[in-house]
Amino acid sequence: MEIDKFVKEEDIPFEYGVVRERDNAVSWSRYLATKRSAGDELNLDWLYERCLKEIKDDWHLWKEFLKWRIELLNDCDIFRHKDEYNKISLLFEQCLTSCGKVGDAWIMYMEWVIQFKDLKRIRELLGKALRSMSWEYHEAIWRVVIDFIINELLIDNKRYELSLEDSIYYFVHGEHSTNFDTDLWSSSILQRYSLICDDIEPLLIYIFKTHDWSTIVRVFEKHLSPNLKPSQTSLFELYVSYITSMILVDNSAGVAAVVDQCIELFPFKKGELKTYLIFNLIRQGKITEAELYLEKVISETKDIIEFSVLYDFWIRMEELLTQELIQKMKDDNSEKQRLFANIRLHADTLTSLIKNHTIRLNDLELRREPNNIKLWLERVKLFDTISDKAKVYADAVLTVDYRLQTTPGLLGELWCQYCRLFEEDIEKSEVLLDKATNVPFKFLVDLENVWLYWCEYRLKRSIDDAIKVLSVVLEIPDNHELLLQKFEKGESPAQAAIFSSKRLWAMYLDLLEVKGNYGTAVNAYETAILIKAATPAMFINYALLNESSGHQAEALAVFERSVEIFPPSVSKSIWDIYLDVALKADITKEQKRDIFESAIKLAASGVACVSFFEKYSDFELNLGFHERSVEILHKGAKNISDLESKCTLWEECINRSEKQLDVNHTRKLYEECIETLPNSKAIKFLLPFAILEESRNEVARCRALLDYGSKLLKPAQNEELWDFWRNFETMHGTKDSFKNMLKARRFLEDTMKVNTEEVSRHADSIEFRASTAKISGSGPPSAEDKGYSNTAEIDLGL
């Protein structure tokens with residue numbers, strides 16, 4: 001008997017126990033544990049089978065038994081030990097007969113079956129399990145199956161992407177350049193799982209890898225929505241997968257609808273999304289429609305990114321079409337003529353796209369900014385022929401809204417360039433110029449540019465024609481002041497104020513002077529002055545015209561009127577010429593002095609009119625009035641506010657005094673100069689003053705000046721003064737005075753830690769004061785001279 005074979009003497013107590021209580025799991029577990037420790041596998045297998053016949057519905061015993069049997073087959077080849085594997089499968093079936101409601105039993109069985117990769121069996125088992133298990137175990141068994149699909153069946157499947165290369169190859173050759181396997185089993189399981197799945201994103205990602213496009217479309221249609229918030233990929237990529245699937249099942253209506261929806265969701269991806277509509281047309285064999293669609297979108301879009309994406313796509317499409325058609329013609333000569341015609345058509349399209357890219361880009365920019373004249377002028381440069389350029393100009397002047405212009409001069413320049421295109425055709429050019437002058441320009445400069453161009457155009461023929469043009473436009477209307485007010489308020493176009501154009505008047509007056517009609521020119525100048533269109537340059541030209549025509553008094557009168565009209569800052573340039581003309585004029589010395597006195601009054605207004613004082617001084621010097629000549633420069637040095645100009649006039653004043661006047665007068669000028677100028681500027685005059693005093697043997701005064709000057713700058717920045725002082729003490733001083741000089745330098749090197757250029761601007765800086773003492777004679781320094789005093793005031797003994 002079988003029992004005699006497996007039951008040993010030591011097993012008899014356990015046998016009594018299990019015989020008395022056949023359904024006692026504890027007794028059986030003790031018995032099994034004993035057998036397990038003995039290591040006899042056949043004996044243990046026999047005992048498990050006896051036990052499970054008696055206690056059929058104990059899942060824990062079944063689980064223990066199945067795990068043990070499975071462990072025995074670890075590392076065994078599934079095909080060589082197929083019978084053993086089948087036995088375990090039968091054990092699972094027996095287990096589920098009794099434990100069919102136990103979810104873990106089904107899950108363990110599914111994990112076992114999946115090892116065999118028997119898809120039919122897995123599908124059937126999944127169906128049975130879902131029907132038998134309670135609801136809470138469904139997700140667990142689904143997880144086992146889904147993990148198997150992801151990690152085993154779809155592990156090598158890449159995400160499919162539509163490529164232009166494959167689409168063109170399919171169009172030309174009728175087959176795909178790359179093949180992909182369709183996993184119908186996985187797609188059907190995943191579709192079924194989608195009905196209960198909570199996290200839909202991974203499912204959408206993996207079902208797309210099955211390449212079962214029809215199933216994919218159904219699942220995406222049901223579960224994909226704008227409200228989905230993916231974490232592993234982007235919503236845009238999921239929609240692209242959806243669109244791709246619809247293209248591959250030839251669902252054109254669905255493609256168009258979803259692309260429109262995506263354009264609203266992802267407006268920044270508009271260009272890329274529209275390429276899928278073209279993919280759809282190519283797949284249907286509608287290349288011509290694809291080209292027409294591209295032409296339409298590129299010609300209408302205002303989005304630079306959309307333009308770039310679609311334009312590059314179109315160029316690449318034409319390149320691939322040409323290449324594949326050439327290859328097909330090489331492989332198949334039966335349709336050579338038709339293929340050659342198609343090749344030529346697509347090659348021409350490609351050439352046109354590459355050649356006209358800049359023009360089409362300019363089209364886009366003009367659609368965005370139709371009133372941007374700079375873009376229109378750039379567009380003109382893109383064309384070579386006059387007719388093409390003329391069309392651009394014509395489109396520009398019809399499109400641009402003069403009311404929206406913000407840059408003065410551009411619209412007028414556009415019209416001028418348009419007219420310049422037809423310079424050789426007088427009749428056409430005149431017609432265009434007439435139209436241009438009637439455009440209600442917002443800015444005066446635009447209309448000025450047109451009239452000036454017209455004048456220059458006429459001037460090429462004759463000066464009389466040019467004058468005729470300007471005499472018409474510059475005719476003064478009766479209510480000119482009212483018209484100017486309306487234009488300034490923006491109530492009237494530039495035509496209302498063109499008669500007051502300073503640029504046109506300048507050109508008109510120049511032409512009249514060249515023509516040589518003095519009376520007409522004078523009348524024109526007076527008219528320009530009357531309407532306040534005269535500029536400083538016009539006044540100067542008017543005065544010089546009178547002078548050159550022998551009307552000296554009138555010339556001076558014009559100058560006098562002009563300097564009264566314009567502010568000091570502007571009238572300075574007029575005064576420069578006025579003074580030169582007055583000096584040459586046949587008028588009295590007193591009249592000239594009066595003119596100079598009026599000119600130098602500009603100094604009180606802050607104008608740096610150094611040249612006026614210099615000319616006035618030279619004028620008096622030439623008359624022999626030396627002292628007055630110096631006084632004028634002295635007056636300028638005191639009255640001019642600009643520091644550099646003040647220094648210039650002080651220098652000229654002192655130099656002229658040294659040459660023309662006595663030393664006492666010069667000394668007073670030096671003292672006043674040093675007192676009034678900031679220390680940083682006064683130092684320039686200290687050394688010449690000291691040299692002057694040395695030349696007069698005023699040793700004490702010279703030493704006092706050098707002492708004062710040494711304190712204005714650091715010794716390292718004042719080497720010229722120290723060199724002079726050193727030589728001075730060598731020639732005129734004593735041993736003690738020389739030592740005092742060296743002590744003074746050492747003291748200043750140690751104490752001057754700041755920049756005296758800056759300090760001298762403050763109120764508490766070193767101050768120069770003229771001495772009240774009498775001038776000493778020549779001779780050795782006194783006891784006072786030998787001492788060194790670090791005082792803030794210097795007594796020069798004046």
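Me: Why does Glu-590 count as partly exposed?

Reply: The relative accessible area of Glu-590 is 49%, and the class depends on set limits (buried is under 20%, exposed is over 50%, and partly exposed lies in between, with a 1.4 Å probe and protein chains only), so Glu-590 falls in the middle class. This is a predicted model, in which local features need pLDDT of at least 70 and side-chain atom pairs count only at pLDDT 80 or more, while totals for chains, interfaces and linings use all residues. Residues are numbered from 1 along each chain as its sequence is written, and side-chain values use heavy atoms, with hydrogens and water left out.

Me: What makes the contact of Arg-593 and Glu-590 a salt bridge?

Reply: The term requires a side-chain nitrogen of Lys or Arg within 4 Å of a carboxyl oxygen of Asp or Glu, and the N to O value for Arg-593 and Glu-590 is 2.8 Å, so the pair qualifies. Because they are three residues apart in helix α33 (residues 589-599), about one helical turn separates them; helices here are DSSP runs of H or I with at least four residues, strands are runs of E with at least two, and both are numbered from the N terminus.

Me: Is Arg-593 buried or exposed, and how do you know that?

Reply: Arg-593 has 11% relative accessibility, which means that it counts as buried.

Me: How do you know that Glu-597 and Lys-635 form a salt bridge, and which parts of the chain does the pair link?

Reply: Their side chains meet at 3.5 Å, N to O, so the cut-off is satisfied. The pair links distant parts of the chain, with Glu-597 in helix α33 and Lys-635 in helix α35 (residues 626-639), 38 residues apart. Through shared partners, salt bridges join Glu-590, Arg-593, Glu-597, Glu-620, Arg-628 and Lys-635 into one network.

Me: How many salt bridges does a search of the whole structure find?

Reply: The search finds 39 salt bridges. One of the pairs is Glu-272 with Lys-269, whose closest N and O atoms are 3.7 Å apart.

Me: How many disulfides does the structure hold, and what makes Cys-647 fall outside the term?

Reply: The structure holds zero disulfides. For Cys-647 the nearest cysteine sulfur, that of Cys-673, is 7.0 Å away, whereas a disulfide is a pair of cysteine sulfur atoms within 2.5 Å, so Cys-647 is in none. Cys-647 has a relative accessible area of 6%, so this residue is buried.
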